[in-house]
Every structure is written in C-alpha cells, then in structure tokens.
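User: I've got this model open on my screen and would like a close look at one part of it. Could you walk me through the sheet at the start of the chain, and then show me what else is worth a look?

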Amino acid sequence: MHIQSIPMWVGSSNNYAYLVTDESSKDAVIVDPANPSEVAPILKDAVDSGKVNLTAIINTHHHWDHAGGNDEILSQFQNLNLPVIGGKDCKSVTKTPKHEETFKIGHKISVKALHTPCHTQDSICWLMEDGAEKVVFTGDTLFIGGCGRFFEGTPAEMHTALNKTLAALPDDTKVYPGHEYTKQNVKFLTTVLQTEPVKNLQKFAENNQQTQGKFTIGDEKDPAVQKATGKTDPVDVMGKLREMKNNM
C-alpha cells in the first residue's frame, strides 16, 4: 500500500486528500479530493504516466471541504466512470457501504467502512489493511491529539465513535486525519495533560509541518485526560472536553 498525501488550502484550513494505491495492481482511490485545482494535476500525472489506475473517489463525510470537489474530479476524469463511495449525503455519492462492510482496492488492500456519526451523521472512517500494515482515514472524526466538533451529533455519539469504534482497532493502526490540526490540538492538550506522550507530540509538531500517518490509534489513548474534566462518566468526559476545547 502506497499513500500519497496531498495538502490542500495550506495556511488556512490545512486539509488533506490522500491517493491510496495497491502497488501490485496499480489500482488506486482518492480520498476527499475537495480542492480539484490542487488535486487534479497530481491525479492526471499519475493516471497519464501509468503509475495508477484510478478506480474510485472515497469520502469521509459530506462537508464541502471534503466532498465538495467530487463533481469536478468526475468531470475531469469522466472517461474512468469513477464511483463515489461515501456517506449518504456526500456530493454525487453512488455507494454507501454499511457499517463494517468491506471491499478491495486492487489485489491486496482490504477496506472496511466504520460508521462514526457525530461530526456529521454520514461520517465514515475507512480502515485499510495490506498484510500487516493498517491505516485509518478518519476525516474530521479523529485528528492527531483531538477530535472534530459535534456539528450533527452528541457527546454520546462521539464517545461511541472514538472510545468504542476506533479504539477497538489495533493499537498500531496509523491515523490519517482530514486536517493538519496537530499544533492547535497540542496547545489545548498541554492545558489538561503534562504527560510524556503529550510532550513528545508537542516536540514533533513543532519540528514537522505534517503529522499524518506518524501516530497511531494506540498513541491516542490516554485515560488520564478525564481527570482534567472533573467527570467520571465517559460521555460526560467527552462533552466536557469538547466544551473546554471550544472555549479555549
């Protein structure tokens, strides 16, 4: 599995699109190609040079800065008849897999849809496995050191998404979020935690512009964070942490 990160709107919303390729077949998918002016030239070069066989657009959720580029990508690559795989509200979606439904990219990459409603009700995280390699594309549900706002959901739903659905993945699963928000997240984290993992994350973020794929599901687990909220019920902890972050 080869993953090419494509930064978009750097310096403003700092989004990521991802070109994921099964190296054995060259079959590939593009995840959240929201800004075609930055994504399409890279795709065109990869397709025209024979480096990849583009087979689908995959979306993590319907927000314009994730799915808003679908129609332009479809237009520019109309000869490929690309399906759009994503949540039910994504632009021009043609396929919405059920929770835990699987499909393949090429010969080796297995993809599993993990429904994680909260940031939006159609949010889906995508677990991809190639042999022992495991990655998850989390959109705006999970960031490095943080999570998305509860625009369409509740603390209970985000608790399920993070602490049940994503936490159940193997600890060595690498996280590829929809935005580069790590520096901002660390600023909040240091106000509630002074652990070695947080200090290490802070140092890494200060010295690296990009953090996607450098941290894992296991890195995101730190039960000590609940102490900062003064709560014990996990749903209350989730709600309080989000409130604290919003008010920072």
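Analyst:
**The first sheet and beyond**

Strand S1 (residues 2-8) and S2 run antiparallel and are joined by 7 bridges. Keep in mind that this is a predicted model. Within that pairing, serine 5 sits opposite tyrosine 18 in S2. The two strands make a hairpin with 6 residues between them, and tryptophan 9 in the turn has a positive phi of about 50 degrees.

Another residue to click on is asparagine 14, which lies in the loop between S1 and S2. Its phi is near 50 degrees, a positive value in a residue other than glycine. Asparagine 14 has a relative accessible area of 19%, so it counts as buried, the cut-off being under 20%.

Now follow the chain into S2 itself. Strand S2 covers residues 15-21, and 7 of the 7 are buried, so the strand is largely enclosed by the rest of the structure. In a regular strand the side chains alternate between the two faces of the sheet. Here, both faces are covered: Asn15, Ala17, Leu19 and Thr21 are buried on one side, and Tyr16, Tyr18 and Val20 are buried on the other.

On to the next partner. S2 is joined to strand S3 (residues 27-31) by 4 bridges, and these two run antiparallel. Tyrosine 18 turns up again here, with valine 31 as its bridge partner in S3. Leucine 19 has isoleucine 30 as its bridge partner in S3. The hairpin of S2 and S3 has 5 residues between the strands, and in it lysine 26 takes a positive phi near 70 degrees.

Zoom out a little and you'll see an open sheet of 5 strands in the order S1-S2-S3-S4-S5, with mixed pairing. Its edge strands are S1 and strand S5 (84-85), each of which pairs on one side only. Helix H1 (residues 36-48) packs on this sheet, touching S1, S2, S3 and strand S4 (53-58). The direction of H1 makes about 150 degrees with that of S1.

Between S3 and H1 there's a loop, and aspartate 32 is found in it. Like asparagine 14, which has a positive phi, aspartate 32 has a positive phi, near 50 degrees, without being a glycine. At 2% relative accessibility, aspartate 32 counts as buried.

Further along the chain comes another sheet. This one is open too, with 5 strands in the order S6-S7-S8-S9-S12 and mixed pairing. Strand S6 (102-105) and strand S12 (174-177) are at the edges with a single partner strand each, so one side of each has no neighbour in the sheet. On average, neighbouring strands here are turned by 25 degrees against each other, direction ignored. At the S12 end, S9 and S12 pair in the parallel sense over 4 bridges. If you want a pair to look for, phenylalanine 137 has tyrosine 176 as its bridge partner in S12.

Helix H4 packs on this sheet and touches S7, S8 and S9, its direction making about 145 degrees with that of S7. H4 spans residues 155-166, and its buried residues are Met158, His159, Ala161, Leu162, Thr165 and Leu166. Among the elements covering them are strand S7 (109-115), strand S8 (124-130), strand S9 (133-139) and H7. Strand S10 (142-143) and strand S11 (146-147) are also included in that cover.

H7 brings us to a helix pair. Helix H5 (residues 182-192) and helix H7 (residues 234-246) pack at an angle of about 115 degrees, with their axes 11 Å apart. H5 passes H7 in a right-handed crossing. From H5, the residues in the contact are Gln184, Asn185, Phe188 and Val192, and they meet Leu241, Met244 and Lys245 in H7. Sorted by class, the contact has 4 nonpolar, 2 polar and 1 charged residues.

Last, the cysteines, in case you were wondering. The structure holds 0 disulfides. For cysteine 125, the nearest cysteine sulfur is that of cysteine 118, 11 Å away. Cysteine 125 is at 0% relative accessibility and so counts as buried. Cysteine 147 is in no disulfide either, and the nearest cysteine sulfur to it, again that of cysteine 118, is 7.5 Å away. At 18% relative accessibility, cysteine 147 counts as buried.

How values were computed
Residues numbered from 1 in each chain as written. Predicted model: local features only at pLDDT ≥ 70, side-chain atom pairs only at ≥ 80, totals over all residues. Heavy atoms only, no water. Axes fitted to C-alpha atoms, helices over the stretch in contact; angles between N-to-C directions. Left-handed = near helix turned anticlockwise from the far one by under 90°. Contact = heavy atoms within 4.5 Å. Nonpolar A, V, L, I, M, F, W, Y, C, P; charged D, E, K, R; others polar. Buried < 20%, exposed > 50% of the residue type's maximum accessible area, 1.4 Å probe, protein only. Pairing = 2+ DSSP bridges. Disulfide = S-S within 2.5 Å.
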